[in-house]
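Please look over the sequence and the structure below before reading on. The report then goes through selected strands and helices.

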Amino acid sequence: MKISAWLTHPEIPCFNLTKSQADSIEKSIDEAQVKICRDRDEFIDSLEESEIVLAWTFLQEWFDLAPGLRWVVTPAAGRDYFQVEPPNGIQIDYCSFHGEIIAETVIGMLLSHCRGLRETELLNRENPWPRRDLAGKLVPLRGSRLTILGFGNIGTWIAKLAKPFGVQVTGVRRQEGVSPEFFEAGDEVIGVEGLDATLPTTDHLVLALPSGKGTDQIMDKRRLGLLPENATISNVGRGNAVDEGALAAALQEGRLAAAWLDVFHNEPLEENSPLRSCRNAFIMPHCSAVSPNYLELFCAEFIEKFRARESL
């Protein structure tokens with residue numbers, strides 16, 4: 001079984017498939033042969049014999065070069081990576097292992113805000129011992145209300161890691177769903193129609209939404225205005241979900257406490273974006289899922305997916 005793997009990235013080392021990771025696939029799948037491709041030309045040349053492709057990107061015209069292809073798998077979670085229509089008999093799959101990594105990033109965001117870790121660094125630029133200024137900003141995470149907009153795999157992982165900190169969780173999804181087994185009294189999963197009623201009692205809003213017309217600026221000026229002044233907003237899904245201009249205005253005017261943002265409408269975020277001038281906007285370069293074990297988790301999920309397919 002020929003598997004072509006074109007998983008390389010010029011900036012992020014853990015996005016490059018290693019030989020040991022390819023070996024783990026070969027050891028787990030009988031007769032699998034993984035070819036690691038280091039550039040586009042090598043990958044395209046490999047398609048003639050490929051049955052399975054592991055890649056960050058795939059173009060429509062490449063299907064014609066792969067007569068034996070039956071499965072394309074990407075480590076990406078977002079369905080916006082492949083803008084293609086696969087021919088009959090070829091399946092495209094995305095992955096869901098990112099949740100446990102992204103959830104740790106979100107917990108870091110929440111604790112950094114509540115316990116003043118980032119604020120301390122900012123205050124230290126103005127005062128070598130900002131104890132008085134910092135003291136009035138510290139709040140507990142325990143007992144706060146966490147609303148997770150986009151309660152799929154990533155959102156569930158965020159809730160799972162947040163619950164030991166004593167937060168009350170509301171998961172928001174397209175339609176009301178079954179609550180995870182670790183939920184307690186007061187936690188709930190609601191449909192998106194209940195979002196407006198939930199926002200005014202939210203201390204921390206986390207967005208873990210996919211891109212698409214249904215999520216475009218779901219947090220617009222009106223909905224941002226429903227959040228209390230002490231609220232924070234974190235976005236680890238896709239940048240289309242937030243009206244960035246309205247968010248910047250709310251932050252600058254003190255109508256929101258802070259924003260922790262890993263994704264944006266345009267990436268990299270423009271140098272002249274108003275968010276960059278907000279003291280209480282903390283910007284990450286779309287790295288909330290980066291971790292040394294990124295592709296190890298991907299390989300494990302791919303192997304599991306393969307075994308599930310073969311058992312059908």
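What follows covers an open sheet, the helices that pack on it, and a second group of paired strands.

## Basis

This is a predicted model, in which local features need pLDDT of at least 70 and side-chain atom pairs count only at pLDDT 80 or more, while totals for chains, interfaces and linings use all residues. Residues are numbered from 1 along each chain as its sequence is written, and side-chain values use heavy atoms, with hydrogens and water left out.

Helices (H or I, at least four residues) and strands (E, at least two) are DSSP runs numbered from the N terminus. Two strands count as paired if DSSP finds at least two bridges between them.

## The open sheet

Five strands form an open sheet in the order β2-β1-β3-β4-β5, with parallel pairing. At the edges are β2 (33-36) and β5 (91-93), each of which pairs on one side only. From one strand to the next the twist averages 20°; axes are lines fitted to C-alpha atoms, for helices over the stretch in contact, and angles run from 0 to 180 degrees between N-to-C directions.

Within this sheet, 4 bridges link β1 (residues 2-6) to β3 (residues 52-55) in the parallel sense. Ile 3 has Ile 52 of β3 opposite.

## Helices on the sheet

Helix α1 (residues 19-28) packs on the sheet and touches β1, β2 and β3, contact meaning heavy atoms within 4.5 Å. The direction of α1 makes about 160° with that of β2.

Helix α10 (residues 294-310) lies across β1, β3, β4 (71-73) and β5, at about 155° to β4. Its buried residues (under 20% relative accessible area with a 1.4 Å probe, protein chains only; exposed is over 50%, partly exposed in between) include Leu 295, Phe 298, Phe 302 and Phe 306. The buried residues of α10 pack against β1, α1, β3, β4 and α3 (99-114). In an α-helix there are 3.6 residues a turn, so residues three or four places apart point the same way.

## Strand β6 and its partners

In strand β6 (residues 145-149), 5 of 5 residues are buried. Arg 145, Thr 147 and Leu 149 are on one side, and Leu 146 and Ile 148 are on the other. In a regular strand, side chains alternate between the two faces of the sheet.

Strand β6 runs parallel to β7 (residues 168-173), joined by 5 bridges, and pairs in the parallel sense with β9 (residues 204-207) over 4 bridges. Leu 149 has Val 172 as its bridge partner in β7 and stands opposite Leu 207 in β9.
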